[in-house]
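Thank you all for making time this morning. I would like to walk you through one structure, taking the overall build of a chain before the smaller details, so please have the sequence and the coordinates open as I talk.

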Amino acid sequence: MLVQKRDIEYLKNQARILRIEILKMLTEAGSGHTGGSLSAADIVAALYFYKLRYKPEDPQWPERDRFVLSKGHAAPLLYAVLAISGYFDKSLLRTLRKLGSPLQGHPCSKMLPGVEVSTGSLGQGLSVANGIAMGLKLQGLNSRVYCLLGDGELQEGQVWEAAMTASHYKSDNLCAIVDLNGLQIDGPISSVKNIEPVDKKFQSFGWNTIEIDGHDMAQIVDALDRAEELKGAPTVILARTIKGKGVSIFEGKVKYHGIAPTPEELEIALKELSDGTGN
Amino acid sequence: MEQAIKSFCGLEAATRDAYGETLFRLGQENRDIVVLDADLSSSTKTSKFAKAFPDRFFNMGVSEQDMMATAAGLSLTGKIPFASTFAIFATGRAWEQIRQSIVYSHLNVKIVATHGGITVGEDGASHQAIEDIALMRVIPEMTVIVPADAYETELVIEEIVKFYGPVYVRLGRAKVKPVMPEDYRFQIGKAYAFRLGNDVNIIACGVMVKEALDAAEILKAKGIDTGVINMSTIKPLDEKMLLEAARAKLIVTAEEHSIIGGLGGAVSEYISSIRPRPILRIGIKDTFGCSGSSQELMRFFGLTSDQIASDIMKKWSELATKGAKPL
């Protein structure tokens, strides 16, 4: 099992490395989802390098914590974190979306170790995550389940079926995290179909809510710790984020939802993400 | 604790009743079995399991999509989830959840739906699944089973617990007469031939097996040598048995389902790839169901043994005039 430590600077650097890997693999693939992979990079770095208990050498370790990427289009982020955590060789990242690669356009659990749930069709991950949470309780295990959702995804009715179920069955070993980057394919969520007030919606479904800046590593880490302490009901962390975060030319731009950077854009991005030592 | 019925062999009962009893019985032995229902446990008969093992029963309320994906999650912790509701809601409402969250990952979830077909009766078309076999069969890696009677249902439920992988089982609401013999053993992918005919072979599933057997008697009296096969596993199809069956001059399929995409579709797809043979598909002829008693509806849709026999005789005489020859 990895030794996790609360080291904010270390976690920020891990998030930076994730962003670099995401952009490199997307550029190589020539297609994929840039904006929503970058917006959740800090959250996922905190999960994999601080919070989750797992053994990359034993992906099916029964006592591991589970991560469900309900917003499956952020697959590059998941692949980057799994590679850096040691589930598979980093060179595999260059095969994203290519014929024969286990790095499918959207995650497939049968093909790649570390992928807990096959996702890509929005709105289903929270139900699966809650099913895992219920199963873990039946097994008498203390493992926790984390489920990352997109904000556009909250327009799916099944999310609210699952929200109702998780609170009915008091799944306090379940923590949902919503990447509230404010944008969906057709434009700002507020103009396509408003989802606010998200906090009141979850509260009325019986959930604990914690609202944070999803790019403030200390806030993310605190929220994950706090969620673990809250008993009797599931908790959702509402993380306000910026789509395309980390690269100025992608930040807040709707069009980078579903397109990959060009080699020129990658060059700009890598300069911005550089730590000044050429890494 | 309540006792489970030991065996449905020879009993006239609804397949859903056999399911409820068998689930309850297996639940006593196998602690990994968990059951989910969507507010229909008294109709799907999962209620007996629910009462006996409340910690392993999850009522999901009227949320079929959430139910299927939750079952997927439970299977990921080593449980064997049985998810039940009416066939139309299981396969129609939650089709994509079954595809994405269960079958694509080849998870060990058993979808056992009741109220398949028009024998649902009075509730009418909204509650009568005539497309479910087609909807489940088209998903890669899915196993699709339609038991013929209560006894076969019991054997199917026992067998799918031992089998790892996603399975769809279609059951009915109405009572069905026993057809499977005492020494019958169900195997996934293995059809059962009551007998093979030289002239006609009727390949049937579900409630239509009984009708096919009765129709075969009528045809025999008319001098048409007719065989009957219970093709209870629709996917994977027993191709070896179909190869045998296709020696007859006329192949007939009989199902309480649309003639599009179900058993008739599956058999036609296979037979057409091996030899030219006329295939008569008996089923719901591309139309919705409607209200009525189950017996009335069987007749209304032309699914009773005498109607089947008459359809087959008509087709048989057409072929005779065209001079069809056995291969």
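When I speak of helices and strands, I mean DSSP runs, with at least four residues for a helix and at least two for a strand, numbered from the N terminus. Please also keep in mind throughout that this is a predicted model.

Let me begin with chain A, which by that definition has 10 helices and seven strands. Its radius of gyration is 17 Å, close to the 19 Å that the globule rule gives for 279 residues, so chain A is as compact as a globular protein of that length. Taken along the principal axes, the C-alpha atoms of chain A fill a box of roughly 50 × 45 × 35 Å. Of the 279 residues in chain A, 52% are buried, and if we consider the contacts in this chain with a separation of 6 or more, 76% of them are between residues 24 or more positions apart.

Within chain A, I would like to dwell on strand 2, which covers residues 145–150. How many of the six residues of this strand are buried? Six of the six are, and strand 2 of chain A is therefore described as mostly covered, a residue being counted as buried if 20 or more other C-beta atoms lie within 10 Å of its own. Both faces of the strand are covered, with A:V145, A:C147 and A:L149 buried on one side, and A:Y146, A:L148 and A:G150 buried on the other.

Strand 2 of chain A has parallel partners that are worth tracing on the screen. With strand 1, residues 66–69 of chain A, strand 2 pairs in the parallel sense over four bridges, and with strand 3, residues 174–180, it pairs in the parallel sense over six bridges. A:L148 is a convenient residue to follow here, since A:L148 is the bridge partner of A:L69 and also stands opposite A:I177 in strand 3 of chain A. Going from strand 2 to strand 3, the chain passes through helix 6 of chain A, and this β-α-β crossover is right-handed.

Let me turn now to the place where the two chains meet. The contact takes 21 residues from chain A and 21 residues from chain B. On the side of chain A that touches chain B, the elements that give two or more residues are helix 5 and helix 6 of chain A, the latter spanning 157–168. Which element gives the largest share of that side? Helix 5 of chain A does, with 11 residues. By class, this side of chain A has seven nonpolar, 11 polar and three charged residues.

Across in chain B, I would point you to B:F58, which is found in strand 3, residues 57–59 of that chain. B:F58 counts as buried because it has 24 C-beta neighbours inside 10 Å, where 20 is enough. If we leave aside its neighbours within four places in sequence, B:F58 is in contact with A:M134, B:V34 and B:L36.

Also in chain B, helix 1 runs over residues 15–29 and reaches 21 Å from its first C-alpha to its last, close to the 21 Å expected at 1.5 Å a residue. Helix 1 of chain B is mostly covered, with 12 of its 15 residues buried, among them B:Y19, B:L23 and B:F24, but also B:R16, B:D17 and B:E21.

I will finish with some details of the backbone. Most residues other than glycine have a negative phi, and most peptide bonds are trans. A:R97, although not a glycine, has a positive phi of about 70°, and A:R97 is found in the loop between helix 4 and helix 5 of chain A. B:H115, also a residue other than glycine, has a positive phi near 60°, and B:H115 sits in the loop between strand 5 and helix 7 of chain B. Are these residues buried or partly exposed? A:R97 counts as partly exposed because it has 19 C-beta neighbours inside 10 Å, whereas B:H115, with 27, counts as buried.

As for the peptide bonds, a cis bond joins A:E196 and A:P197, with omega about 0°, and A:P197 lies in the loop between helix 7 and helix 8 of chain A. In chain B, a cis bond joins B:K235 and B:P236, again with omega about 0°, and B:P236 is found in the loop between strand 12 and helix 10 of that chain.

Key: Residues are numbered from 1 along each chain as its sequence is written. Chains are lettered from A and ligands numbered from 1 in the order in which they are written. This is a predicted model: local features need pLDDT of at least 70, side-chain atom pairs count only at pLDDT 80 or more; totals for chains, interfaces and linings use all residues. Two residues are in contact if their C-beta atoms, placed from the backbone, lie within 7 Å. Ala, Val, Leu, Ile, Met, Phe, Trp, Tyr, Cys and Pro count as nonpolar, Asp, Glu, Lys and Arg as charged, and the others, Gly among them, as polar. The radius of gyration is taken over C-alpha atoms; the globule rule is 2.2 Å times the number of residues to the power 0.38. The expected span of a helix is 1.5 Å times one less than its number of residues. Two strands pair if DSSP finds at least two bridges between them. A crossover is right-handed if, with the strands pointing away from the viewer, the path from the first strand over the helix to the second runs clockwise.
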